[in-house]
Amino acid sequence: MTMDTLIAVTAAAARSAGADDLDEFDNLVQCAVPQFCEIPADRWPQRTDAAERSRRAGAHVMAPLADPYAFDARRHGVPAARARRMDPQQRLVLGLAAELFARARTDVRRPGARVATVVGVSSTDYRAVSTAPLLATMTVDGALGTGDAAQRAAVHAAGARAVQPMTGHTMPGVLANMVPAAVQHSFDLRGPAFAVDSACASGLTALDVGRALLLTGAVDACVVGGVYTALTPEAHAGFSAIGALSPSGACRPYTRAADGFVLGEGGALLLLRRLADAERDGDDVLAVVEACGSSNDGRAPGVMTPTVEGQVAAVRAARGDRPAGRVDAVEGHGTATVVGDRTELETLREVLPDAPAGSVPLGSVKAVVGHTMAASAALALVKVVLALRRGRWAPQPEDDAGWHPLLDGSPFVVPTPADEAAPVRRAAVNAFGFGGTDAHAVLAHPEVVVRRG
């Protein structure tokens, strides 16, 4: 690899259930303490007749942010009227961006610099909340249902009392593209801004897009990552309907007792620069993105059914001619669904067939902070960056159910806090999204990167 194909990570920021910043996230991952709890009562009420059904379907727990609406508008120079109508994902990404730039040794926001922002965004919960009075009225006015004038008036009045009235700030506050655009506006960045959505693979898709922008010379730096908040029961209801949520209320990837995931909230950002530029400017290079690739499952048995063939294609697209077995650890997608874990483990056994048994630590941050959807791969990337920085792999929570049978005799082992931490200098990250997008990246400590040219 030549210097002009290597991308440096020069800063990181993260927030999740149980962690308000990067340092707290680092500590949380090291302690491996799951953050799952009953859905906070102030999110949405559960009717008594639905509560037991929700419990059986796994829709009764989550890993929530303490307050997804929290936002210091004055700090970011946002007028109060606009702040009240901003999607919490915009509020979250601005806080993350402020932490990111504060941690960077080089200020990439200098005049004339081209800094892009690419953020994975899939949730439109806040848009649904903000337009609730309009949509509720449609259910009784003949467009989506039937109703008389009195019913229409009652529905509209109830919704209007609960939701900020629509103003000129509403649409900028609810559109997905405004999540990355808010970063450009608040920090006066002049590069392009994209919202990307490949479901659970969005964070790695953002990394792939940001890397491409840097390698083509289109930008000088790029902010990449993902965010997710759950403000309505839509995701819980939808994933319960397909049996993806854990009825036991715990996300237990790669175990014999894995029965689904727990939804979590959070976000993470990375600051990317070309390695040559970062080293020239004396940046603190946290990690080097050596490779990134993606694929799609194509015509799979179902639009939400992962395939080994598609996932192997993503790994090979990223690795290229890299010798098998070169990574010290793998941060897996690890949803703890029966099909998901089996498919991923079959994939890993195929792409790393010659590594000694039990030599490659495997983990999934979802075991601690839940499945954060469009933010999940971004938080996984930050977990890997922190591991490379520390030089040792983070453990998974203890589990007495035993590990997945496909781990038996495989190169992979899931370490717990009782195990000695394994050294890590190069690690891979997997992400697989509903709709079939598969993504894979390889990150390394700068000291082990082979530089040519």
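In helix α11, Glu234 and Ala241 are exposed on one side. The structure described here is a predicted model. The other side of α11 (residues 234–241) carries the buried residues Ala235, His236, Phe239 and Ser240. These four lie on the same side of the helix because they cover an arc of only 125 degrees around its axis. Such a pattern fits a general rule: an α-helix has 3.6 residues a turn, so residues three or four places apart point the same way. After α11 comes Gly243, whose phi is positive, near 75 degrees.

Strand β6 offers another view of burial. The strand spans residues 221–228, and eight of its eight residues are buried. In a regular strand the side chains alternate between the two faces of the sheet. In β6 both faces are covered, with Ala221, Val223, Gly225 and Val227 buried on one side, and Cys222, Val224, Gly226 and Tyr228 buried on the other.

The pairing of β6 involves strands β4 and β7. With β4 (residues 115–120), β6 pairs in the parallel sense over six bridges; here Ala116 stands opposite Cys222 of β6. With β7 (residues 266–274), β6 runs antiparallel, and seven bridges join the two strands. In this second pairing, Gly225 is found opposite Leu269 of β7.

Two individual residues deserve a look of their own, beginning with Arg82. This residue belongs to helix α3, which covers residues 80–83. Arg82 is buried, yet no salt bridge is found for its side chain. The nearest side chain of opposite charge is that of Asp87, 12 Å away, whereas a salt bridge is counted only within 4 Å. Beyond its neighbours within four places in sequence, Arg82 is in contact with Gln90, His169, Ala182 and His185.

Leu388, the second residue, sits in helix α16, which runs over residues 376–390. Its relative accessible area is 0%, and therefore Leu388 counts as buried, the cut-off being under 20%. Residues up to four places away in sequence aside, Leu388 touches Ala287, Val424, Arg425, Arg426, Ala427, Leu443, Ala444 and His445. One of these, Arg426, is 38 residues apart from Leu388 in sequence, but the C-alpha atoms of the two are 7.0 Å apart in space.

Definitions and conventions:
Residues numbered from 1 in each chain as written. Predicted model: local features only at pLDDT ≥ 70, side-chain atom pairs only at ≥ 80, totals over all residues. Heavy atoms only, no water. Buried < 20%, exposed > 50% of the residue type's maximum accessible area, 1.4 Å probe, protein only. Lys, Arg positive; Asp, Glu negative; His and termini not counted. Contact = heavy atoms within 4.5 Å. Arc of directions from axis to C-beta. Pairing = 2+ DSSP bridges.
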